[in-house]
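Visitor: Could you walk me through this model and tell me how each label is earned?
Guide: Gladly; here it is.

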Amino acid sequence: MTGTIPIDEMVDGHGGVRPHWRRLLGVISDIGHRELVARGQHIALALSDQTGMPVPAEPGRPPVTSSATSPSAAPSPDAGETHGVLCDPIPLILPASEFAALEAGVIQRVRLLEALLQDVYGDRTVLTECLLPPALVWANHGFLRGGTPDGDSPLPDRFFSFYAVDLVRGADGQWQVLADRAARANGAGLALENRRQMTRILPEFFAGQDLRRLTPFLDLWQESLQDDGLTGTSSPGQALLTPGPTGPHWGEHVILARELGCALAEAGDLTVREGALWLKTVRGLRRVGVLLIRQNADTVDPLELEGQGTAGIAGLLDAARGGAVRLMNDPRVGFVEAPGLTPFLEPLSRHLLGEEPLLGNVGTIWLGDEFGSRFLDETLFPPEPEPPQTECPQPEQPQPEQPRQEAAGTETDPAPVPPGSGWVIAPALGLGKPVHRLATLDAAARRALEATVRAAPWRFVACREPNSSVAPTVGEKGIVPRPVVLRLFAAFDGTDWAVLPGGMARVLAEGEAVTIEPIAGLQVTKDVWVTADERFAPREHPVMHAPPLPIRRAQGDLPSRAADDFFWLGRYLEQLEGAARLLHVVLAHLSGPDPSPRERADLDVLMRQMRVAGVTSEAAFSGYTVSGMIRELASVASTDGLFARLLRKIMRLVPELTDRLTREMRDFITHQAHAILREMESRSTRGDPARIRDFLTGMTRRLLSYGATLSGLASENMVRSGGRQFMDIGRRIERSSTVLLSCAGILEQPDMHQRGRMEAALRLMLELCDSVITYRSRYFSVVQPAPVLDLLLLDDDNPRGAGFQLATLRDSLLELASEDESTAPAAQRAASAELAASAGDVLDMLSCLVASVMKEPDQDRAAAVLPEALRQAQASVMQLSGAIGRCYFSVLNSPRLVGIGEDGTLDEAAT
Amino acid sequence: MIYRVRHATSYTYGRPVELASHVLHVTPRDFPGQRVLWTRLDCDPLPVRRREGTDHFGNRIFWLFHEAPHDRFDIVSTSEVEVLFDPLPPPEATPSWEDTAILAAQDPDASQYLFDGVMCATSPAVGAYAAQSFPPGRTVLEGLLDLNRRVFSEFRFRSGVSSLRTTVADTLARKEGVCQDFTHLMLSGLRWLGLPARYTSGYIRTRPPPGQKRRLGADVSHAWVGAWLGPEYGWIGLDPTNGIVVRDEHVVLGWGRDYADISPVRGLILGGGGDTLRVGVDLVPADEWDRDPALQALGAVPPCPEPDIIT
């Protein structure tokens with residue numbers, strides 16, 4: 001910073017508290033700092049819960065970044081950087097009068113940008129009248145060259161439906177635009193969520209405060225989407241296009257999709273057919289009428305846009321031009337984000353709107369013209385020996401607060417200020433490349449940058465580092481002033497623009513510079529309050545009423561990808577449970593003294609099952625004593641063992657399903673899994689066998705209750721159709737496969753016909769399938785092959801047996817097959833019916849097997865030849881699983897690009 | 001001169017393609033010096049959706065969408081085009097290349113061809129190579145003709161040595177390549193100097209060796225450079241592959257910043273694999289076409305041109 005004292009949002013220049021902060025300040029001091037920090041942690045937990053993102057470390061304290069010393073201005077997105085959001089408990093307060101001015105400025109700004117786009121993609125008078133240099137149009141990364149069908153206008157009704165803008169308050173007290181956020185305009189979801197959590201966790205803050213509410217804006221935005229969505233006959237839906245859970249804004253997208261009632265979709269979930277956009281769901285394709293784009297604009301349609309590769313939805317632009325889907329925003333809005341446009345906005349406003357701009361910009365100089373080139377030579381990179389104190393002549397381009405700057409530095413700081421301090425070099429043609437703070441560059445880096453800039457100065461702008469205002473923020477020891485950037489949001493309601501009376505303020509860490517770069521990594525945010533004042537009464541929007549919705553009982557719009565995730569959640573949970581059950585039985589068999597030969601035979605079988613199930617690797621246990629075996633078993637609880645791997649797989653699915661699981665379930669899945677993993681990490685690797693056994697027994701119990709509790713939560717909290725149905729299907733597949741494999745494995749012993757072996761094997765089967773008690777209640781203690789096999793393979797009343805799984809599976813698939821015409825297309829229903837029939841076939845096959853044993857006089861002999869057939873039955877179950885995947889989940893495979901050969905070959909020979 | 005041109009593209013897929021969307025640049029465009037008399041596009045299988053229009057540069061495009069499985073895809077574009085470009089102005093009458101650069105930077109349309117597309121990045125080495133043809137004060141056309149001649153005489157035509165990934169610096173170092181490479185090289189050099197240049201895609205007339213009959217489909221796609229002489233004289237075509245100025249033996253399909261803007265067939269397909277592609281072009285004067293039974297057997301010439309497709 002340059003020595004000028006930044007404005008303090010809370011305190012005026014004379015040490016007095018500004019009136020609109022007084023009440024809150026009183027409440028804050030009543031609460032006390034420690035409590036405030038604790039509440040801040042609550043908010044962080046609640047946010048992470050809503051977004052499914054991990055809680056960033058040390059909530060309540062902005063991260064210390066290295067930007068003060070590193071050559072690059074922004075917090076370097078190094079590998080260890082946490083993504084995620086925190087919300088500082090102290091809001092940023094805007095008085096009504098100030099917000100009214102900002103509101104007018106933001107609306108004018110988006111009108112200007114809309115007019116600029118209409119011109120640039122239309123007649124281009126900005127070029128014929130020389131209001132914009134051609135480089136800023138033709139080389140602008142956001143300028144997209146799409147085609148226009150004959151008879152159509154290249155222009156949409158409007159480019160912008162939603163807009164966000166970053167503002168900073170300079171030393172003169174005026175809010176200035178730092179950057180326009182047009183193509184993706186993230187953050188509105190977080191602004192809504194911040195407010196929700198603040199009112200929940202800090203209710204005393206809001207007592208007696210007369211604040212503007214956020215919900216009217218949300219309602220208006222929602223209605224404007226529906227208005228567009230309901231024009232067709234069959235109420236096409238809305239979807240939000242996200243790059244997915246690995247993107248930095250996933251949390252924001254989850255919240256926003258929920259708030260707006262949109263399906264959250266990745267490009268692979270969507271497809272264009274016959275000129276319309278469809279979402280692939282488990283019940284076939286669903287029409288999408290409105291698409292909110294939150295993905296890089298140049299990759300939304302690989303057929304027409306220049307983004308390399310095949311990400312995106314081929315034909316989307318064609319569908320949009322044909323009016324079948326409305327894109328919000330039009331992908332071409334990215335044009336206005338190029339920082340090089342900033343210095344030209346003022347004359348453009350006069351030309352396009354006939355208005356003087358209400359909002360100024362942070363000082364920006366394009367280096368591609370004569371003025372910029374002089375600035376480059378004289379201020380940014382003056383000849384080497386030149387002392388930097390010389391006041392540089394500032395030519396008469398509109399530059400608020402510019403000429404005062406260097407003088408301040410000389411007064412307070414005796415050390416020589418490097419040339420260009422206070423300026424940032426940024427790409428002029430579109431963000432995405434790093435910005436450089438001149439003040440922080442060493443000599444070598446400065447020379448390298450100079451060479452790059454001088455090679456093509458028109459590719460760069462110089463931006464002033466704004467001396468942004470500071471706002472009170474909860475620090476480690478007390479309340480500290482921190483620089484803030486304010487983001488405001490505007491939505492078009494069909495006739496006019498409305499600005500959210502609130503927003504999201506970003507808090508910068510000590511020493512972190514305010515630059516135009518989008519935020520990467522951890523963000524500390526603030527709720528933004530706008531005080532209510534009858535003199536600035538909010539514009540009343542008439543409440544629009546959507547036509548009454550038809551009653552729906554089924555969740556028709558479960559996207560295939562989400563269904564797939566639920567299916568695998570079910571399968572992983574069942575794998576976990578099955579493996580834990582096996583370990584439980586093994587431990588029970590290891591509880592006595594050294595085993596008799598007969599017990600040893602049982603143990604051998606069990607250990608083989610452990611290997612088959614992947615619980616243990618190929619450790620040979622046969623020659624071990626009991627304590628030796630127990631020591632070997634200790635490895636199953638290692639952090640790279642099967643249990644830990646499954647727990648991690650399960651946790652990885654949670655963020656994908658954040659918008660579809662209840663909070664209770666997400667918490668349980670993640671927190672319990674973490675707790676079990678921590679226990680595995682901290683266990684003693686050595687120690688006496690008794691302690692290892694106790695540890696393993698305890699862990700097994702926890703794993704079993706983990707699985708059981710989740711099943712319970714699912715059946716108590718989730719509607720039967722939709723996600724839970726597919727989670728159930730996954731479980732049924734996995735459990736039937738486990739039962740069949742166990743039975744096959746146990747019956748497959750070399751000495752099976754020896755007296756007593758069969759009975760022992762059958763007992764083991766009952767034990768592994770947790771059906772001992774059920775069996776005993778029916779047949780007392782007589783164990784024979786046919787009754788055991790009937791109970792485990794056929795009985796559709798035994799929830800641990802394969803018969804039950806397959807029957808349930810069949811019924812579930814039949815349910816999908818018998819949905820009514822309006823929810824699922826006929827082809828999809830027919831496919832479901834076919835799958836149900838295959839489940840029935842496996843059941844028939846098992847019934848033949850059991851019958852074959854029953855009618856044989858020597859049941860033992862008949863049972864001993866079953867393994868082969870049981871394995872076949874298991875293979876059929878896995879085939880059914882694959883068929884289910886193809887029928888309901890198969891997200892469209894990735895397409896290939898032709899014509900501009902991905903392999904680099906020339907498609908057409910040329911002379 | 002009136003030509004008839006037939007551009008046939010044929011994909012055979014090893015495995016069926018389930019979904020396909022394509023953007024085609026296979027129809028000649030109108031502009032001063034070229035008039036499209038009639039044109040038609042046939043494709044097999046028929047698409048579920050077909051639209052036509054223009055791209056950003058004003059070239060004719062077709063969008064085709066297929067949603068039923070198919071294992072081959074044939075596109076035939078047939079047009080009749082009248083070509084006569086104005087003779088070149090006297091080179092010494094054109095503005096100096098420096099003035100042309102200044103005019104270009106202010107021209108609302110020509111200025112767009114000062115900037116690179118995705119396939120043809122600037123290279124200081126190529127810039128220096130082109131600069132040898134443009135000593136201070138030389139008129140722009142003199143410089144352009146000199147550069148065109150130098151590329152023709154110093155570079156060897158050789159197919160198979162380059163691909164779409166070949167950079168202009170590679171071409172300069174190897175001193176060989178095909179029309180695409182020479183065109184990209186010249187574009188890059190001219191833009192380095194601040195002169196607008198556009199990638200022009202089209203066809204050139206070929207003649208069978210003396211005494212031989214012409215083979216069907218033996219012609220090929222061609223590419224050359226569009227160069228700008230200032231607002232007064234506008235655009236001319238320079239063919240560095242043949243070292244000539246475009247006059248009446250070239251038919252223009254369209255232009256862009258580089259090949260990527262104007263590739264004849266660009267598409268996304270789902271499925272397929274083990275694909276083969278065959279392209280055949282016939283560019284023959286219309287009267288000759290009517291006398292050649294083999295060409296006439298190709299059909300595809302509408303008895304009377306449909307008025308609505310004459311652009």
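**Labels and their reasons**

Guide: Let us start in a loop: Arg124(A) lies between α3 (96-120) and α4 (125-128) of chain A; helices here are DSSP runs of H or I with at least four residues, strands are runs of E with at least two, and both are numbered from the N terminus. This is a predicted model, in which local features need pLDDT of at least 70 and side-chain atom pairs count only at pLDDT 80 or more, while totals for chains, interfaces and linings use all residues. Residues are numbered from 1 along each chain as its sequence is written, with chains lettered from A and ligands numbered from 1 in the order in which they are written.

Visitor: What is the sign of phi in Arg124(A)?
Guide: Positive: phi is near 55°, in a residue other than glycine.

Visitor: Which peptide bond is cis at Asn329(A), and where is that residue?
Guide: The bond from Met328(A) to Asn329(A) is cis, with omega near -5°. Asn329(A) sits in the loop between β10 (326-328) and α11 (345-352) of chain A. Chain B offers the bond from Asp44(B) to Pro45(B), cis with omega near 0°; Pro45(B) belongs to the loop between β2 (34-44) and β3 of chain B.

Visitor: Why are α18(A) and α19(A) called roughly antiparallel?
Guide: Helix α18 (residues 642-657) and helix α19 (residues 663-682) of chain A pack at about 150°, their axes 10 Å apart. Axes are lines fitted to C-alpha atoms, for helices over the stretch in contact, and angles run from 0 to 180 degrees between N-to-C directions. Angles under 35 degrees count as roughly parallel, over 145 as roughly antiparallel, 65 to 115 as roughly perpendicular and the rest as oblique. The pair α18(A) and α19(A) is therefore roughly antiparallel.

Visitor: Which residues of α18(A) and α19(A) make the contact?
Guide: From α18(A) come Ala644(A), Leu647(A), Ile650(A), Met651(A) and Val654(A), and from α19(A) come Arg666(A), Ile669(A), Thr670(A), Ala673(A), Ile676(A), Leu677(A) and Met680(A). Contact means that the C-beta atoms, placed from the backbone, lie within 7 Å. These residues divide into 10 nonpolar, one polar and one charged; Ala, Val, Leu, Ile, Met, Phe, Trp, Tyr, Cys and Pro count as nonpolar, Asp, Glu, Lys and Arg as charged, and the others, Gly among them, as polar.

Visitor: What is the angle between α21(A) and α25(A), and how is their direction described?
Guide: Helix α21 (residues 723-747) and helix α25 (residues 802-817) of chain A pack at about 150°, with axes 8 Å apart. That value makes α21(A) roughly antiparallel to α25(A). The residues of this contact are six nonpolar, five polar and three charged.

Visitor: What makes β12 and β14 of chain A edge strands?
Guide: The open sheet has four strands in the order β12-β15-β13-β14 (chain A), with antiparallel pairing; strands pair if DSSP finds at least two bridges between them. β12 (364-366) and β14 (436-437) of chain A each have a single partner strand, so one side of each lacks a neighbour in the sheet. Strand β13 (residues 423-427) of chain A and β14(A) are joined by two bridges, and Val424(A) has Arg437(A) as its bridge partner in β14(A). Helix α12 (residues 370-380) of chain A packs on the sheet, touching β12, β13 and β15 (460-464) of chain A.

Visitor: How do you know which strands pair across chains A and B?
Guide: Two bridges join strand β2 (residues 148-149) of chain A to β3(B), and the two run antiparallel. Pro149(A) stands opposite Gly53(B) there.

Visitor: How many residues does each chain give to the contact?
Guide: Chain B gives 46 residues and chain A gives 41. On the side of chain B, the largest share, six residues, comes from β13(B), and that side divides into 23 nonpolar, 16 polar and seven charged.

Visitor: What are the domains of chain B?
Guide: The assignment, automatic or from a database, gives domain 1 (2-83 + 263-301) and domain 2 (91-261) of chain B. Their centres, taken over C-alpha atoms, are 25 Å apart. The contact takes 19 residues from domain 1 of chain B and 18 from domain 2 of chain B.

How values were computed:
Two residues are in contact if their C-beta atoms, placed from the backbone, lie within 7 Å.
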